[in-house]
Amino acid sequence: MLCTRLTNARFLTMDPDHPVAHDLGIWQGRIVGLDEAVTSLPAREVVDLQGATVLPGFIDAHVHLAWTGFKQNTPSIAGRTRVDDVLAVVAEAVARTRAPGDWVSIAGYDQRALGRHLTAADLDRVSDGRKLYLLHDSGHGCVVNTAVLDLLPAGIPHDNGFLAEQAMGAARALRLPHAQEDLAEAIGRAARTCLTEGVTACAEAGIGGTLFGHSPVELGAYQLARDKGLLPLRVQLMVSADRLNPVAAHETDGIPRALDLGLRTGFGDDRLSVGALKVWTDGGMMARTAALTNPYQGLDHAGQLQDDPDTLTGLIVDGHLAGWQLAVHAIGDRAADLALDAIERAQRIRPRPEARHRIEHAGLIRPDQLPRFARLGLSAVVQPNFLRCFGDDYASIMGAERAPWMYRGRAFLDHGIPLVGSSDRPVADGSPLRAVQFMVERASTSGQLIGPDEAVTVDEALHAHTVAGARACHWDDRLGSLTPGKHADLVVLGDDPRRVDTSRIGDIEVVETYVDGRPSRPRD
């Protein structure tokens with residue numbers, strides 16, 4: 001007997017052997033059959049989906065759950081365009097603290113809205129003895145007040161209180177780690193938001209590190225969230241590469257650096273597991289720190305690498321030698337050059353063609369870099385909603401020649417490079433459907449077309465958020481398509497993305513999300 005049979009729906013299975021179905025059977029959380037294989041079988045529950053469209057659950061291959069959850073509960077200055085209005089929000093947050101010396105965190109900082117960066121002197125006007133920390137929306141910088149600057153180690157660079165990349169990490173290091181209980185609650189809040197948008201599995205893009213980590217025991221917070229029933233979807237955890245330590249393993253192992261006990265990609269189970277090793281090579285376009293070959297349009301610099309090139313290369317090579325899948329953050333084309341060179345070197349030393357190394361973001365990829373991506377077997381994990389939300393700004397700072405190279409779609413596919421969809425939530429909108437719409441239209445929210453030749457089909461965009469996401473996370477044997485034997489993770493939509501006008505895809509209602517065959521909203 002089936003546990004559940006879903007009927008009267010249009011199942012877009014993403015499985016070429018059975019692309020469309022009308023009935024789907026579930027037993028103990030797995031898909032057991034489609035159409036005539038299940039229509040006559042008894043079931044404990046038969047659910048009439050009333051003509052809805054059903055897809056495999058969306059996979060967000062690059063997300064920050066804890067950060068998202070904390071941001072949802074942090075005072076925000078998003079949308080403010082006047083410095084005085086920003087300072088009023090900060091002053092209100094300061095007034096709610098208990099004592100001088102407390103830390104005050106503010107979300108939503110973006111200098112572009114204000115026309116300039118805030119300064120430490122600006123914040124000092126309203127700090128009242130508190131330590132102020134305003135995180136840039138990109139996650140690649142922060143602005144702090146003098147009370148924080150005075151605590152930083154000597155030699156930490158800043159621009160009137162704005163700290164970028166590793167300098168920001170020095171400010172973060174001044175603060176106590178988040179408690180596991182608080183982390184678990186934040187993770188749960190973000191996970192529930194993901195479910196409402198049809199996401200059933202995601203890859204957390206870097207825990208435990210200097211830049212984006214929240215605690216040296218952050219993995220334990222995810223285990224706690226699961227133990228407390230706060231983790232309603234599948235999560236794979238990327239580990240920050242700066243957590244690797246020198247080890248004295250046996251010489252035949254060839255492992256110069258490792259995570260404690262040799263833990264690496266693949267440890268865990270179907271609900272919570274360790275994924276790739278996350279290596280940051282540069283910053284971001286929003287903060288103007290992505291490392292470019294040529295300067296930003298209208299600026300006198302070309303961004304920055306996170307560290308000395310030899311140091312970054314050594315980290316990538318050692319991660320590969322230790323058996324990790326690599327997820328290398330490279331937004332600018334100069335950072336991509338470094339990543340490609342390092343991965344090629346690593347594969348020469350110890351070939352691992354099955355590793356499925358990934359380039360996270362691949363924000364600006366020159367035409368000459370595409371064949372190397374393909375030759376090395378790399379996936380491009382892109383964030384389409386970056387250009388939908390920020391595309392006008394990004395196009396202006398790249399200039400006419402480079403703008404079409406941003407967050408590519410068609411060029412990756414034409415070169416045989418797996419195109420993987422993701423959000424980088426909370427940096428940008430997390431909706432997979434709005435990302436799919438952008439991938440097809442290549443239009444920002446203002447209507448500006450950005451690299452229209454990089455447009456893909458609706459089917460290709462859906463593939464990027466299902467099948468390709470599963471492959472990038474080594475989940476392709478259990479997720480990504482509605483195939484018998486795989487987990488019954490699926491999303492029920494109010495309309496068919498392939499049949500509506502492209503401009504309506506992003507507004508399609510997510511009616512229900514199933515994980516292991518169970519709906520996220522209890523039925524009456």
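This briefing covers two pockets and one buried residue, D489. The model is predicted, so local features need pLDDT of at least 70, side-chain atom pairs count only at pLDDT 80 or more, and totals for chains, interfaces and linings use all residues. Residues are numbered from 1 along each chain as its sequence is written, and side-chain values use heavy atoms, without hydrogens and water.

**Largest pocket**
- A pocket is an open set of points on a 1 Å grid over the protein atoms alone, where a 1.4 Å probe fits, with protein on both sides within 12 Å along at least five of seven lines; lining residues have an atom within 4 Å of a point.
- The largest pocket has a volume (space filled by probe spheres set on the points) of about 1,100 Å³.
- Its lining has 44 residues, with F70, S105, R175, H178 and H214 nearest the centre.
- Strand β9 (a DSSP run of E, at least two residues) gives the largest share, six residues.

**Second largest pocket**
- The volume here is about 320 Å³.
- Of its 16 lining residues, P216, V239, R243, L259 and D260 lie nearest the centre.
- Helix α8 (residues 218-227; a DSSP run of H or I, at least four residues) gives the most, three residues.

**Residue D489**
- D489 sits in the loop between α16 (467-472) and β22 (490-493).
- D489 counts as buried (under 20% relative accessible area, 1.4 Å probe, protein chains only) because its relative accessibility is 4%.
- The side chains of D489 and R234 share a polar contact of 2.6 Å (N or O atoms within 3.5 Å, one able to donate a hydrogen and the other to accept it; residues adjacent in sequence count only if both atoms are side-chain atoms).

Conventions:
Buried < 20%, exposed > 50% of the residue type's maximum accessible area, 1.4 Å probe, protein only.
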